[in-house]
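Reader: Before I rely on the terms used for this protein, I would like to hear what stands behind them. Could you take me through the reasoning?

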Amino acid sequence: MEKNQPNTANHGLNMSHYWMPFTANKQFKTSPRMLVSAEGMHYTDIDGNSVLDATAGLWCCNAGHGRSEISEAVSKQIHDMDYAPSFQLGHPLAFELADKLCQLSPAGLDHVFFTNSGSESVDTALKMALAYHRANGQSTRTRFIGRELGYHGVGFGGISVGGIGNNRKTFSQQLLQGIDHLPHTLDITNNAFSRDLPPHGIEKAEILEQLITLHGAENIAAVIVEPMSGSAGVILPPAGYLARLREITQKHGILLIFDEVITAFGRVGEAFASQRWNVTPDIITAAKAINNGAIPMGAVFVSNTIHDTCMDAPEGMIEFFHGYTYSGHPVAAASALATLAIYENEQLFARAKSLESYFEQAVHSLKGLPNVIDIRNTGLVGGIQFSPSDKGVGKRGYGIFDHCFRHGTLVRATGDIIALSPPLIVEKSHIDQMVNSLADAIVAVG
Ligand SMILES: Cc1ncc(COP(=O)(O)O)c(C=O)c1O
């Protein structure tokens, strides 16, 4: 297309200048999917069609869309004080929010550092792990252990500990040094169509002992995993696996980081997945649903030991040389406080738990449809995996996603896996609609 020539097929928009993230740009621009408004469980697209949101945006909008409590809080805050510098100055809302968040976080993780995204939360957590060991007199502990298929955002730290090939390959010569990976826990041969945590695979945690023998515990700073991998396609921890990782890390003085960017704030029926699976790490990363996706914001929760050790610097010295212009941004903080109030007033985490078995039945009803090779679920998360089509890996998943969208339901495709993660305000009738829409798409796409 000529520069600055609007493509009239696209509602008069010039599509050429925006380089879209994690998107097949050329394909999208010939056949866009454009959203213009949102309310409750639905988006409206640019042609006026209603689209049921089966993905809470991008795992963000747990309280549903168009929440006036949030928009009013944002509007008031931007009017009262649009911005406050975050270094050597504070504002009350950031402290109030930290206080509220630490009432929700697992006991012992009573300190929070604010970021603007999941990627920044991850990089912050990795830096905190290094800072802690150094302050603790163990500065040889610099290695990190991630996991295959892990997704920890797109910063250099995050892609280095992450385990998704496509996100790493282009940058492979410049990834952080001193990283190793645990094997992933996806095992369709033994665990296909399990409900909630799969029974097989706890032994994969034992590989950590091998990596520790190989590298030396005294050289390892932290292990980072998602308690449940969302982005790689809803990969669940085998029963007992997370607890075993905790035992091994604790035994060797290695920090355990849970990346809860998608699981925090009710997705699995508790405030944090750590609470659902009763395993407390040393650091938790969060973002997304912290403020219903309204304003970019992330958070890192740290143990009292890490915090107190890092604070042990001479009076008047900055203790941690790290932070963002927008850490604890007043408008983001206002939106988060309003969001947490909704979660509490409407008991949305408990609601997710109460709908879980209905949701589980519904997604597992897709078993037996063409090319469905596995279905996984926990909380209000479902993953349906398909065999790849002859046209190539990911084509079937994309086809199903696109068909669902064009027929009024937003699902998420990762390769040949479709993920469902509806807002926690979802009704049973919406769950039925999601599953029916998926069933139609699965048959139509073939
Ligand atoms: C587990 C996990 N960590 C980190 C991120 C990165 O978050 P962001 O896209 O906000 O940087 C994501 C995003 O989906 C995620 O799922």
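Author: The turns below take up the sheet, a pair of helices and the ligand shell of this model, which is predicted.

Reader: What makes strand E1 and strand E2 a pair?

Author: Two strands count as paired if at least two bridges are found between them, and E1 and strand E2 (residues 42-45) have four bridges, in the antiparallel sense, so the term applies. One of the bridge partners can be named, since Leu35 is matched with Asp45 in E2.

Reader: Why are E1 and E13 called edge strands?

Author: The open sheet has four strands in the order E1-E2-E3-E13, with mixed pairing. Strand E1 (35-39) and strand E13 (409-410) each pair on one side only, and that is what the word edge refers to.

Reader: How do you know that H4 and H13 touch, and what is the character of the contact?

Author: Helix H4 (residues 92-104) and helix H13 (residues 330-345) pack with their axes 9 Å apart, at an angle of about 35°. Residues are in contact if their C-beta atoms lie within 7 Å, and those making the contact include Leu93 and Leu97 of H4, along with Ala333 and Leu337 of H13. By class, the residues of this contact are nine nonpolar, no polar and two charged.

Reader: What makes up the shell around the ligand?

Author: The ligand is surrounded by 14 residues, and the closest are Ser117, Gly118, Ser119, Gly153 and Val261. Seven are polar, five nonpolar and two charged, where Gly is counted as polar. Helix H5 (residues 118-135) gives the largest share, three residues.

Conventions: Residues numbered from 1 in each chain as written. Predicted model: local features only at pLDDT ≥ 70, side-chain atom pairs only at ≥ 80, totals over all residues. Near = placed C-beta within 6 Å. Helix = DSSP H or I, 4+ residues; strand = E, 2+ residues; numbered from the N terminus. Axes fitted to C-alpha atoms, helices over the stretch in contact; angles between N-to-C directions. Contact = placed C-beta atoms within 7 Å.
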